[in-house]
Amino acid sequence: MSETGKVHLVGAGPGDPDLLTLRAARLIAEARIIVHDGLVDPAILALARPDARLVSVAKRRAHHTLPQEDICALLVQEARRGHDVVRLKGGDPLVFGRGGEEAEACHAAGVPVEIVPGISAANGAAAAAQIALTHRDAASIVSFVAGQCKGLSEQDWAGLAGKGRTLVIYMGVKTAPQIAEKLMADGLAPQTPVAVIENAARPEMRVLRGMLAGLPDLVERELVVSPALIVIGEVTARENAAVAALASEVAA
Ligand code: SAH
């Protein structure tokens, strides 16, 4: 019987292959089997060997091509056949990536796991849009939340957004109206600055800015598509101020 293989849960970052870690790039280039989800950019999959087996387990909102249990079972099965498996996920495997569930399934089956971090969408988007998630003058707390999850309305987000805080919402495009309503019901000012960053760190990136009360309208009017992040807080307005200051300096 062949020895059990290892499962590598690897973060693919927000899209640009340049934003892979060296370890992720090496594992992708060496892998014989890569199990990837839909968010992984084709440019990253292109780094795989020509003879690598690429298995897509693409997940779309409310439409799971492969249920999570089946993904876990597939990883365990391949490892038990003696294969080292690269499980490639968008961003970081442990941020809204179900990496925890897959690691647990492997541990329970006695399959060794290595986790390779990736640049999460929040970090990739912040850098690409030049929005500081924390800033000494504007925010010393940053929170990441999922905008599309079971029981969104019962989730307690009170205190996560507001003065001195930055809230980053993953998977929130479809639920933008409920999100804006929920935050305002929690007492957040309708004028709180927001930014929507679509396709961060990809050539087609868009950064849209507005105010909390206008968020649903902004998303609808601009036909924002997934993947996109919503960032709420004063930090999203700073770049504008800096750019405006720079422009007036140049004009003066
Ligand atoms: N593990 C991933 C998150 C997976 S959840 C990570 O750490 O980034 C999927 C959500 O991530 C998307 O709905 C979107 O909100 C966000 N996302 C992923 N890639 C993105 C990108 N390139 N630009 C903007 N948002 C992105």
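1. Let us start with Leu223, which is exposed in this predicted model. Its relative accessible area is 64%, and because exposed means over 50%, the label fits. Leu223 sits in the loop that runs between α7 and β12. Its backbone deserves a look too: phi of Leu223 is near 50°, a positive value in a residue other than glycine.

2. Stay in that loop for a moment. Pro227 also lies between α7 and β12, and a cis peptide bond joins Ser226 to Pro227, with omega about 0°. As background, most residues other than glycine have a negative phi, and most peptide bonds are trans.

3. Where is Gln130, and is it buried or exposed? Gln130 belongs to the loop between α5 (121–129) and β8 (139–146). With a relative accessible area of 59%, Gln130 is exposed, because that value falls in the range over 50%. Gln130 has a positive phi of about 55°, although it is not a glycine.

4. Now for the interior. The largest nonpolar core has 23 residues, and those that touch the most other members are Trp157, Leu167, Ile169, Leu183, Val196, Leu215 and Ile232. Two or more residues each come from β9 (164–170), α6 (176–185), β10 (193–198), α7 (215–221) and β12 (228–232). Which element gives the most to this core? That is α6, with four residues. In general terms, nonpolar side chains tend to be buried together in soluble globular proteins.

5. Trp157 is a good residue to click on if you want to explore this core, being among the members that touch the most others. Leaving aside neighbours within four places in sequence, Trp157 is in contact with Leu167, Ile169 and Leu183, which are also on that list of core residues. Its other contacts, on the same terms, are Val145, Ala146, Gly147, Leu152, Ile179, Lys182 and Asp186.

6. Finally, have a look at Thr175, found in the loop between β9 and α6. What makes it count as buried? Thr175 has a relative accessible area of 8%, so it falls under the 20% limit for buried residues. Beyond its neighbours within four places in sequence, Thr175 is in contact with Gly147, Gln148 and Leu152. Two of these partners, Gly147 and Leu152, are also contacts of Trp157. For a sense of distance, Thr175 and Ala237 are 62 residues apart in sequence and 22 Å apart in space, from C-alpha to C-alpha.

Definitions and conventions. Residues numbered from 1 in each chain as written. Predicted model: local features only at pLDDT ≥ 70, side-chain atom pairs only at ≥ 80, totals over all residues. Heavy atoms only, no water. Core = buried A, V, L, I, M, F, W, Y, C linked by side-chain atoms within 4.5 Å. Buried < 20%, exposed > 50% of the residue type's maximum accessible area, 1.4 Å probe, protein only. Contact = heavy atoms within 4.5 Å.
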